[in-house]
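Here are my notes for someone opening this one for the first time. Have the viewer ready and follow along point by point.

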Amino acid sequence: MLQSFLFEIKDHRRKQGQRYQLGHILLFSVLAILSNATSYRQVHTFIKSHYETLDKTFGLNWKRLPAYTTIRAIIQGTLRDEIERSFREYSDFLARSDMGKRFVAFDGKVLRGSFDHFQDQKAIQVLSAFLTGCRIILAHEEIARKTNEIPTAQELMEELGLSNCIFTFDALHCQEKTLEVAKKTGNDAIVQVKGNQKTLFEDCKTIAATQSPDETYQEPTTKGHNRIECRSVAVFTHPLFRDADKWHLVEAMVKVDRKRWNFDTKNNYWKPSHETSYYISTTILDAENFCQAIRNHWGIENSDHYVRDVALGEDKSRIRTNPHIFAKLRSFALNILRANHVENISLALFENCLNTNNILNYVGVRQN
């Protein structure tokens with residue numbers, strides 16, 4: 001299954017003297033990442049260790065194995081647009097099981113180890129679109145040096161070609177044009193409001209303090225990891241703002257109160273904290289759905305960014321030449337794990353090291 005998508009990627013090399021197909025190198029790199037590989041050398045070691053199984057499964061008949069430098073050159077030269085196109089098609093295939101109302105979170109992440117002082121290259125920043133329901137990464141877009149997340153997210157919303165979805169953003173994207181692009185593409189948006197939009201932020205606080213909400217929801221209290229947490233949501237429909245023309249697309253304002261008690265093991269007591277956040281939305285949902293959508297937005301941090309850094313070793317990676325290509329291969333691997341409902345990523349990677357058949361039998365990998 002995965003093989004058919006990767007083999008559609010246009011090969012950047014001239015045909016003369018090709019010993020190894022691009023599709024095979026990319027495929028085995030993804031399988032190696034699923035076995036906890038974090039570098040080109042480890043991809044080479046994976047192929048070397050499991051060549052008999054790979055040869056039998058994919059009919060390679062290689063006269064000799066590729067050196068890690070060959071693997072590196074092939075991957076680093078892969079066309080950026082080609083692998084991204086293949087990734088988006090594959091992600092769309094994996095996400096087809098999510099048939100409900102789709103919430104798509106947008107957030108940027110820095111590949112911290114991709115800097116290169118000798119080439120005057122700063123660490124690369126990548127914006128991702130993340131389907132919160134099934135935790136599938138839908139797309140990436142590299143953020144150019146002379147811009148930021150805001151225009152990149154607006155372009156990505158149009159490129160995705162989605163409709164009837166709700167896009168969720170942090171406060172950086174609280175921009176009039178972001179809401180316009182969401183509506184223009186047949187979608188809606190929920191955006192956090194903070195001090196970067198000072199007038200709007202003050203209006204939200206005033207509305208919450210002086211008006212009665214149209215609907216409220218109290219989330220059940222949760223306890224775990226030495227923390228007790230509860231949150232309540234209040235929805236104010238058709239709010240009136242001072243900059244009414246600027247925010248004419250806003251249909252609802254949402255206030256979220258979070259109360260937490262963290263257990264201080266040193267002093268043996270529960271330390272309380274309270275936080276209030278405000279959001280604007282171009283659509284009206286019930287309070288419970290607003291609560292779930294806002295909470296799930298941060299799944300892109302917990303289920304994507306954190307996992308990439310800790311389990312897949314992305315933060316520690318010192319790949320500096322076209323690091324976004326290997327980052328996309330990590331996304332292929334992470335999407336496969338999520339499509340197979342893997343919760344403990346680190347444990348699954350360790351199990352895959354012990355038994356390669358686990359990987360070959362994954363939904364989205366196995367041959368049909």
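1. Which residues lie nearest the centre of the largest pocket, and how many residues line it? Keep in mind as you look that this is a predicted model. The lining has 23 residues, and R295, W298, G299, N302 and S303 are the ones nearest the centre. The space in this pocket comes to about 520 Å³.

2. Now for the elements around that pocket. Two or more lining residues come from each of strand 8 (227-237), strand 9, helix 10 (287-297), helix 11 (299-310) and helix 13 (345-354). Helix 11 contributes the most, with six residues. Sorted by class, the lining has nine charged residues, seven polar and seven nonpolar.

3. While you're at helix 11, find D304, which sits in that helix. Is D304 buried or exposed? Its relative accessibility is 1%, and buried means under 20%, so D304 counts as buried. If you skip the neighbours within four places in sequence, D304 is in contact with S128, F130, I137, G299 and L334. G299 should ring a bell: it is one of the residues nearest the centre of the largest pocket.

4. Next, strand 2 (124-131). Seven of its eight residues are buried, so strand 2 is largely enclosed by the rest of the structure. Strand 1 (102-111) pairs with strand 2 in the antiparallel sense, over eight bridges. One pair to look up there is A105 with its bridge partner F130 in strand 2, and F130 is also among the contacts of D304.

5. Strand 2 has strand 3 (136-143) as another antiparallel partner, this time over seven bridges. S128 has H140 in strand 3 as its bridge partner. These two strands make a hairpin with four residues between them, and in the turn R135 has a positive phi of about 60°.

6. Where do S128 and H140 turn up again? Both lie nearest the centre of the largest cavity, together with V126, R308 and A327, in a lining of 13 residues. A search of the whole structure finds three cavities of 30 Å³ or more, and the largest has a volume of about 90 Å³. Strand 1, strand 2, strand 3, helix 11 and helix 12 each give at least two residues to its lining. By class, that lining is made up of six charged, four polar and three nonpolar residues.

7. The second largest pocket holds about 330 Å³ of space. It has 15 lining residues, with A123, I124, Q125, I143 and R145 nearest its centre. Strand 2, strand 3 and helix 12 (323-339) are the elements that supply two or more of them. The classes divide into five nonpolar, five polar and five charged.

8. Let's move to helix 8 (residues 176-184), where T178, L179, V181 and A182 are buried. Why do these four end up on the same side of helix 8? They cover an arc of only 160° around the axis, which puts them there together. Over on the other side, K177 and K184 are exposed.

9. What do the buried residues of helix 8 pack against? Their partners are helix 7 (149-160), strand 4 (165-169), strand 5 (188-193) and strand 10 (269-281). After helix 8 comes G186, with a positive phi near 80°.

10. Two of those packing partners, strand 5 and strand 10, also pair with one another in the antiparallel sense, over four bridges. Look for Q192 here, whose bridge partner in strand 10 is Y279.

11. Finally, strand 10 also pairs with strand 9 (residues 252-264), in the antiparallel sense and over 13 bridges. W261 has P272 in strand 10 as its bridge partner. The hairpin of strand 9 and strand 10 has four residues between the strands, and N268 takes a positive phi near 60° in it. That also brings you back to the start, as strand 9 is among the elements giving two or more residues to the lining of the largest pocket.

Technical notes:
Residues are numbered from 1 along each chain as its sequence is written. This is a predicted model: local features need pLDDT of at least 70, side-chain atom pairs count only at pLDDT 80 or more; totals for chains, interfaces and linings use all residues. Side-chain values use heavy atoms; hydrogens and water are left out. Buried means under 20% relative accessible area, exposed over 50%, partly exposed in between (1.4 Å probe, protein chains only). The arc is that of the directions from the helix axis to the C-beta atoms. Contact means heavy atoms within 4.5 Å. Two strands pair if DSSP finds at least two bridges between them. On a 1 Å grid over the protein atoms alone, a cavity is a set of points where a 1.4 Å probe fits but cannot get out, and a pocket is an open set with protein on both sides within 12 Å along at least five of seven lines; lining residues have an atom within 4 Å of a point. Grid points are joined across faces, edges and corners, and a volume is the space filled by probe spheres set on the points. Ala, Val, Leu, Ile, Met, Phe, Trp, Tyr, Cys and Pro count as nonpolar, Asp, Glu, Lys and Arg as charged, and the others, Gly among them, as polar.
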